[in-house]
Amino acid sequence: MRIGVLILPERRWSDQVAQWRAVEDLGFDSAWTYDHLWWRSLSESPWYGAVPVLSGAAVATERVRLGLLVGSPNFRHPVPLAKDALTLDEMSDGRFTLGLGAGSPTAGDDAVLQPGVPAPGERADRFAEFVELTDLLLREPVTTYRGEHYRAEGARMIPGCVQRPRLPFAIAATGRRGMDLAARYGQSWVTLGPAAPGGVSPGECLEQVVPAQVTALESACARAGRDVGERIFVTTPGTGDPLASWQACLDLAIGYAAAGITHLVVHWPRESGVYAGDVKVLSDISRHALEEIHSL
């Protein structure tokens, strides 16, 4: 199992850069940030753009894999997103993973660019085109595409990705259509556990929800005739607190490894509110649990 840290893009860069470097220096495998314009309970607080933040992280680090969780149709178009991803791949020397998701209707920025929230069927249709076009753009030097939701006329992506045939996708999915997209296009699959927040205990998430999702992913992979590879679980307040102590993190990693997860992502502890905790725990995990987590 690998383990990563998700850093909310809320601090000034002079403070953030130390966080990204610390994730690398402590030996974690990956470092991520959320792709939102603002976010949930922190919508009235400072919040910076994910792509510029990852650009800074790309030049501030040397080893750790960097990732976006997740680019979505809520306010992204595949053409500029692909160009940004290609550039991040270059700046990081091939260390960038592009997370893609249909877009959360509860994040707070879902309907900022269009009136109303898309119905589930429309959201799924739009996401399918979003992934398909982004894949084409990052594989081909020039792409023309005409879909119901997206168009591209002679879109150029030169010189292409550092990682070939394109940089990896981490596709967030819980339903059948999303799982099929992950199986067809993804190098990683991402879950936060329950499709909707609340209503499930940490034990139920570990013992029922995620194992069922892994089984559904395996069925999708069988239909597609290929394996996704990495299975990423992003911890949330509703799935237990992996930063209560290094032992709590290790126990959670052991449990989710048994459930079929291969990459655990925890949040950088905040001083208060959501994901509050002691940042010292990250150092404790590095010293006391990282080697065993890597052996799972």
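This text goes through the largest pocket, the nonpolar cores and one helix of a predicted model.

The largest pocket holds about 1,200 Å³ of space. Its lining consists of 44 residues, and those closest to the pocket centre are Arg40, Ser104, Leu192, Pro194 and Ala195. Two or more lining residues come from each of strand E3 (65–71), helix H4 (120–139), helix H5 (176–185) and strand E8 (188–191). H4 makes the largest contribution to the lining, with four residues. By residue type, the lining of this pocket has 25 nonpolar, 16 polar and three charged members.

Next come the cores. The largest nonpolar core contains 72 residues, and the ones that touch the most other members are Leu98, Trp189, Ile285 and Ile293. Leu98 can be followed in detail. Beyond its neighbours within four places in sequence, Leu98 is in contact with Leu68, Leu81, Ala85, Thr134 and Leu138, and also with Leu167, Pro168, Phe169 and Ala170. Apart from the largest core there is a second, separate one of 15 residues, with Trp32, Leu69, Val70 and Val190 among them.

Helix H5, already named as part of the pocket lining, also has a buried side. Its buried residues are Gly178, Met179, Leu181, Ala182, Ala183 and Tyr185. These buried residues pack against two helices, H4 and H6 (202–224), and against two strands, E7 (169–172) and E8. Of these partners of H5, H4 and E8 also give two or more residues each to the lining of the largest pocket.

How values were computed:
Residues are numbered from 1 along each chain as its sequence is written. This is a predicted model: local features need pLDDT of at least 70, side-chain atom pairs count only at pLDDT 80 or more; totals for chains, interfaces and linings use all residues. Side-chain values use heavy atoms; hydrogens and water are left out. On a 1 Å grid over the protein atoms alone, a cavity is a set of points where a 1.4 Å probe fits but cannot get out, and a pocket is an open set with protein on both sides within 12 Å along at least five of seven lines; lining residues have an atom within 4 Å of a point. Grid points are joined across faces, edges and corners, and a volume is the space filled by probe spheres set on the points. Ala, Val, Leu, Ile, Met, Phe, Trp, Tyr, Cys and Pro count as nonpolar, Asp, Glu, Lys and Arg as charged, and the others, Gly among them, as polar. A nonpolar core is a set of buried Ala, Val, Leu, Ile, Met, Phe, Trp, Tyr and Cys residues joined through side-chain atoms within 4.5 Å. Buried means under 20% relative accessible area, exposed over 50%, partly exposed in between (1.4 Å probe, protein chains only). Contact means heavy atoms within 4.5 Å.
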